[in-house]
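I opened this model to look up a few things about its helices, its core and its backbone. My notes are below, in the order I made them.

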Amino acid sequence: MISLRVLGTVEVRTGDERGTDAVAVQPKRLALLLYLALAEPAGLHARDRLLGLLWPGADDASSRHSLRNALHALRGVLGDGAIVTRGEAWIGLDFTAIQCDALALREHLAAGRIEQALVLWTGELAPAFHVTDAPEFEHWLDDQRATLHRVVRAAAWKHADTRRGAGAQELDAVRMAYQLDPGDEHGARRLMRLLADSGNRAGALRVFEELSRH
């Protein structure tokens, strides 16, 4: 089973660790893997879409050569069966062979399993990763980051509301939600009240100071 971690870090692990660094150190290869894994709707993606997304400035022959090389490198790391194709026009992943934390988080949220989803949130999607000469990919990834952060933030506040009046459980839930939404004054007031009620006045003051700086 291939493990693709993209929340809070970017890490590719295979059963025998076959050259995972070869993916991590090549931005276009990693970008291709991220897009095939996360782009919606999930499934096969048009080869021409991938060419325009990742090699927008190259001529047709060069971009197709680059895509073939990237796919060959990914197959060498992930195994031949991980990349699936339909003819020459469509490319995707075999999701039965891949575990991805962001995909699991999406599935939990879609099924209403908020607590399980929040456990998987360890940070922003593919933090600090970028591909300088692929602006459309950059825009897509920024949109993915913003959308995922927004839905996780909403889920965290929903979870906090289900813990209202539950003492330490509410405090922990509100603290997590506020970390995802540090500019929310209502959330800050709620967290400060809970901290003060628990006897942590210093913590409440720190939240006030952080909000003021924000």
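These entries go through helix pairs, the core, backbone oddities and a few single residues.

**Entry 1: the model.** I note at the start that this is a predicted model.

**Entry 2: helix 7 and helix 8.** I looked up how helix 7, residues 135-162, meets helix 8, residues 168-180. Their axes come within 8 Å and cross at roughly 160°. An angle over 145 degrees counts as roughly antiparallel, so that is the label I wrote down for helix 7 against helix 8. The crossing of this pair is left-handed.

Next I listed who makes the contact. Helix 7 brings H149, V152, R153, A156, W157, H159 and A160. From helix 8 come E170, A173, V174, A177, Y178 and L180. I sorted the residues of this contact by type and got 9 nonpolar, 2 polar and 2 charged.

**Entry 3: R190.** I then turned to R190, which sits in helix 9, residues 185-197. Is R190 buried or exposed? R190 counts as buried, because its relative accessibility is 5% and the limit for buried is under 20%. I checked its partners, leaving aside neighbours within four places in sequence. R190 is in contact with W157, A160, D161, R164, E170 and V174. I had met some of these already: W157 and A160 are on the helix 7 side of the contact with helix 8, and E170 and V174 are on the helix 8 side.

**Entry 4: helix 2 and helix 3.** I repeated the axis check for helix 2 and helix 3, the latter covering residues 47-54. The axes come within 11 Å and cross at roughly 135°. Helix 2 and helix 3 are therefore oblique to each other. I recorded a right-handed crossing for this pair. On helix 2 the residues involved are K28, A31, L32, Y35 and L36. They meet R49, L50, L53 and L54 of helix 3. By type, I have 7 nonpolar, no polar and 2 charged residues in this contact.

**Entry 5: the core.** Which residues have the most contacts inside the largest nonpolar core? I found L32, F129 and F137, in a core of 67 residues. As background, nonpolar side chains in soluble globular proteins tend to be buried together. L32 is also one of the helix 2 residues that meet helix 3.

I followed F129 further, again leaving out neighbours within four places in sequence. F129 is in contact with P27, L30, A31, L34, F137, E138, L141 and R145. One of these, L30, is found in helix 2. L30 is buried, with a relative accessible area of 4%. I also took one distance from L30. R150 is 120 residues away along the chain, and the two C-alpha atoms are separated by 24 Å.

**Entry 6: helix 5.** I asked what is buried in helix 5, residues 101-110. The buried residues are D101, A102, L103, L105 and H108. They pack against strand 1, helix 2, strand 6, helix 6 and helix 7. After helix 5 comes G112, with a positive phi near 80°.

**Entry 7: backbone checks.** I looked for departures from a common pattern. Most residues other than glycine have a negative phi, and most peptide bonds are trans.

A126 has a positive phi of about 45° and is not a glycine. A128 also has a positive phi, about 70°, and is not a glycine either. A126 lies in the loop between helix 6, residues 114-120, and helix 7. I placed A128 in the loop between helix 6 and helix 7. Are they buried or exposed? A126 is buried, at 0% relative accessible area. A128 counts as exposed, at 75%.

The peptide bond joining E40 and P41 is cis, with omega about 0°. I located P41 in the loop between helix 2, residues 27-38, and strand 3, residues 45-46.

**Entry 8: S62.** My last look was at S62, found in helix 4, residues 60-78. S62 is partly exposed, with a relative accessible area of 34%. S62 and L51 are 11 residues apart in sequence. From C-alpha to C-alpha, I have them 9.8 Å apart in space.

Key: Residues are numbered from 1 along each chain as its sequence is written. Side-chain values use heavy atoms; hydrogens and water are left out. Axes are lines fitted to C-alpha atoms, for helices over the stretch in contact, and angles run from 0 to 180 degrees between N-to-C directions. Helices (H or I, at least four residues) and strands (E, at least two) are DSSP runs, numbered from the N terminus. Angles under 35 degrees count as roughly parallel, over 145 as roughly antiparallel, 65 to 115 as roughly perpendicular and the rest as oblique. A crossing is left-handed if the near helix is turned anticlockwise from the far one by less than a right angle, and right-handed if clockwise. Contact means heavy atoms within 4.5 Å. Ala, Val, Leu, Ile, Met, Phe, Trp, Tyr, Cys and Pro count as nonpolar, Asp, Glu, Lys and Arg as charged, and the others, Gly among them, as polar. A nonpolar core is a set of buried Ala, Val, Leu, Ile, Met, Phe, Trp, Tyr and Cys residues joined through side-chain atoms within 4.5 Å. Buried means under 20% relative accessible area, exposed over 50%, partly exposed in between (1.4 Å probe, protein chains only).
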